[in-house]
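Here is a report on a protein and DNA assembly. It covers the contacts between chains, then those with the DNA strands.

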Number of protein chains: 4
Amino acid sequence: MGEGVQKAGRRPRADSLRNREKLLLAARDVFSAGGPEASLEAVARRAGVGIGTLYRHFPTREALFQAVYLRDVDQLVALAQQAADGRDPVEALRQWLHACVGMVATKKGMLTALAPSVQGSDPLFADTSRRLRAAVGSLMERAVAAGRIRSDLTPEDLMRAMIGMCYTREQPGWQTTVVLLLDVFVDGLRLPPDPAA
Amino acid sequence: MGEGVQKAGRRPRADSLRNREKLLLAARDVFSAGGPEASLEAVARRAGVGIGTLYRHFPTREALFQAVYLRDVDQLVALAQQAADGRDPVEALRQWLHACVGMVATKKGMLTALAPSVQGSDPLFADTSRRLRAAVGSLMERAVAAGRIRSDLTPEDLMRAMIGMCYTREQPGWQTTVVLLLDVFVDGLRLPPDPAA
Amino acid sequence: MGEGVQKAGRRPRADSLRNREKLLLAARDVFSAGGPEASLEAVARRAGVGIGTLYRHFPTREALFQAVYLRDVDQLVALAQQAADGRDPVEALRQWLHACVGMVATKKGMLTALAPSVQGSDPLFADTSRRLRAAVGSLMERAVAAGRIRSDLTPEDLMRAMIGMCYTREQPGWQTTVVLLLDVFVDGLRLPPDPAA
Amino acid sequence: MGEGVQKAGRRPRADSLRNREKLLLAARDVFSAGGPEASLEAVARRAGVGIGTLYRHFPTREALFQAVYLRDVDQLVALAQQAADGRDPVEALRQWLHACVGMVATKKGMLTALAPSVQGSDPLFADTSRRLRAAVGSLMERAVAAGRIRSDLTPEDLMRAMIGMCYTREQPGWQTTVVLLLDVFVDGLRLPPDPAA
DNA sequence: GATGAATGAGTCTTCATTCAT
DNA sequence: AATGAATGAAGACTCATTCAT
């Protein structure tokens, strides 16, 4: 989906697959360094393939984008699923948010990927978006069910807060700041313990 | 400051002033729509003046930028000063943040202006930045002094949280969401009332 | 001639004369530094007058050019006339050529002025050209009359050789080289002493 | 070398070669007419190709320049080598200088190529420069060894004299003049026959 | 399928030149 | 007369995109 390659029912050529992989790696690097406006030629050059090859695999900039960051989002989802096990549910939420900051720090393109997944309506991101929402949702659900946090925020809301805070990333040491801000935010989500209990 | 025009002591030509104004309006529109990378030619075109005129008035992209958003930031500062009067200090903080959201909603370019004022180190924004920080700082100071909010956040931190949340703006109705998120954040800032009192 | 100012029979305003002078000085500096392609706005800026004023005084680039270098050429002419007195005529020729090199070294624009005066057919330079030719001609004449140099070169030829050698000017120490080359050239002009005498 | 094209081991596309050739021809014409500052767009236009194509083949103005004039300089070198055979060594020198004038006359851009090769320090011209110097040097060497000319001039000096004289080229019939001037110069180089011999 | 050449539209930027004040 | 604002025509350069090989 999104790639221009692969007529149904035909086994992909080995070099084709290899090129696709090289392109994805190159694109991640280039987009990380130069932002999402970076030149496609730079991507092809770094991948060591012709620009035509890039276009064959990813007919639009968006298609490339999507493919590049799909796996990153998958990691976030996995992380949310792990965090949902055991532990205090509010703490799990906080830990997961911290982990998100860590990933944004490592993979500079991550934010670029998250924003459309959370906010956009582009059908290309629909699936990614749905999976992410589900994972975050179940994380929140536990805390809500335990009466520990307010129940009027959606998973998107939480994601947006997290993403927004991360836009701060530039100064050295930004991670510390963002973690602090997120902690404040999580504190704001808490409900007082039920005095009846 | 920043404009290449106006040797001291000479009355500006009428059309010059008119053009400057047209350029500022056009620039606000264009930057709002296309982001800060938007083409300067597009600005000139929309202003209905020659590209040379744009360059005469604003020799660099940054100079134009700065001029466009200076007044907007001034309004935020004024708003903060007003909010500092009377009322409950935490409430004042919350109200000011709400007002910020309102301004971001009205002037789509506002965010573009705030980000460099808060994060950047460009000397052009140094003054703007300082004024903003002072205004927000005194707003927070009152709440801290009253023992109502935590004292370990800087004015920049608060601004960053606000700005970050606003990056969310795209979907219809985003303002409601952002206001909600900011309220959560302010709740997170609160300290429990001093039991000794 | 060449200037657009001065309707006949009207005394020039004092500031007009002052501006003209400032422009000439500025033009010399700017053309020296930036070559003959230098921007007229730079000239006006350095002169501290408006670009419009420059145009009023010198309606074309060439007119400015001509005015700037007129006096320089005059100096060369004067030099040639002095050199024609006394001394050995071949030596006088050589000395004058050396002096030319010195002037080219001092006034970087000099070459730019000489070339059109010697080669061009622009009527603006006709007079300059004539005066120069006359001066150099009489210098050569003496040596020819004394049977000391060949008689088949014109004053233009000599000037061209000198100018050509000077085009070399770039490297540090070029003057030494050019003087050497001119000495060789003068040696080539010599006739053997008349054995009959 | 200097071109941005041709990864090793791939046969160049036919139209690519054709375009390269068209560009070289166009560039020679345009630089001849308009000097080395001439517009690259004019070159592309005259070659009948897009400006992008020009940039692909020659990523910098200098690269184009170099490519255009490389072959011309090669011819001069070959000529010098031929002239070094047989004949009277002073006469060989003179003949070669005459040939240079002829080439300058034919290929108006030649001077533009020679100047940086002789005077410049641009690494692009280093090789060209070296080859030319060697060729001229061995031509002079023979005459010096035979005690026929002064030994205190470098090959560069000779080249500069030749180039300088040619800057004269404008008027009709300039070749005759330049040949005359060069003959005078060569005469100036001569030493008197050794009376001891 | 892969390659990279060709193309031209679009940007930025500088200036000569004209004209309103 | 002087000024400098306005204008737009170049020119350099970059890239997205298409296509010949």
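Between chain C and chain D there are zero residue pairs in polar contact, counting pairs with both residues at pLDDT 80 or more. A polar contact is a pair of N or O atoms within 3.5 Å; within protein, one must be able to donate a hydrogen and the other to accept it, and residues adjacent in sequence count only if both atoms are side-chain atoms. Helix H8 (155-166) and helix H9 (174-189) of chain C each supply at least two residues of the side that touches chain D. H9(C) gives the most to that side, with eight residues. By class, the side of chain C that touches chain D has nine nonpolar, seven polar and seven charged residues. Here Ala, Val, Leu, Ile, Met, Phe, Trp, Tyr, Cys and Pro count as nonpolar, Asp, Glu, Lys and Arg as charged, and the others, Gly among them, as polar. Helices (H or I, at least four residues) are DSSP runs, numbered from the N terminus.

The model is predicted: local features need pLDDT of at least 70, side-chain atom pairs count only at pLDDT 80 or more, and totals for chains, interfaces and linings use all residues. Residues are numbered from 1 along each chain as its sequence is written, chains are lettered from A and ligands numbered from 1 in the order in which they are written, and side-chain values use heavy atoms, with hydrogens and water left out.

**Chains C and D**

Salt bridges do occur between chain C and chain D: the count is two. A salt bridge is a side-chain nitrogen of Lys or Arg within 4 Å of a carboxyl oxygen of Asp or Glu. One joins Arg150(D) to Asp187(C), with the closest N and O atoms 3.6 Å apart. Chain C puts 23 residues into the contact and chain D 22 residues (heavy atoms within 4.5 Å). The area buried between chain C and chain D is about 2,000 Å², and carbon and sulfur atoms give 61% of it. Buried area is the accessible area (1.4 Å probe) that two parts lose on being put together, summed over both. Gln119(C), Arg160(C) and Val184(C) lose the most area to chain D, together 25% of what the chain C side buries.

**Chains A and B**

Chain B gives 22 residues to the contact with chain A, which gives 23 residues. Together chain B and chain A bury about 2,100 Å², 61% of it on carbon and sulfur atoms. In chain B, Gln119(B), Arg160(B) and Val184(B) lose the most area to chain A, together 25% of what that side buries. Two salt bridges cross the interface of chain B and chain A. Arg150(B) and Asp187(A) meet in a salt bridge at 3.7 Å, N to O. Polar contacts between chain B and chain A number zero residue pairs, with both at pLDDT 80 or more. Helix H8 (155-166) and helix H9 (174-189) of chain B each supply at least two residues of the side that touches chain A. H9(B) gives the most, with eight residues.

How are the copies related? Chain B superposes on chain A by a rotation of 177 degrees with 0.2 Å of shift along its axis (RMSD 0.7 Å). The two copies are thus related as by a two-fold rotation axis. The fit is by least squares on the C-alpha atoms of residues with pLDDT of at least 70 in both. Of the residues of chain B, Gly188(B) comes closest to the axis, at 1.5 Å (C-alpha). The same surface serves both copies: 100% of the contact residues of chain B recur in chain A.

**The DNA strands**

DNA strand F has 35 residues around it, of which Asn19(B), Arg56(B), His57(B), Thr53(C) and Arg61(D) come nearest. A residue is near a strand if one of its heavy atoms lies within 4 Å of it. Sugar and phosphate make up 64% of the strand F atoms that come within 4 Å of the protein. The surface near DNA strand F has ten nonpolar, 14 polar and eleven charged residues.

Around DNA strand E there are 37 residues; Thr53(A), Tyr55(B), Arg61(B), Asn19(D) and Arg56(D) come nearest. For strand E, sugar and phosphate account for 61% of the atoms within 4 Å of the protein. The surface near DNA strand E divides into twelve nonpolar, 14 polar and eleven charged residues.

Individual polar contacts with the DNA are listed here.

| Residue atom | DNA atom | Distance |
|---|---|---|
| His57(B), polar side-chain atom | strand F, phosphate oxygen | 2.8 Å |
| Asn19(C), polar side-chain atom | strand F, phosphate oxygen | 3.2 Å |
| Glu41(D), side-chain N or O atom | strand F, base nitrogen | 3.4 Å |
| Leu40(C), backbone N or O atom | strand E, phosphate oxygen | 3.1 Å |
| Thr53(D), polar side-chain atom | strand E, phosphate oxygen | 2.8 Å |
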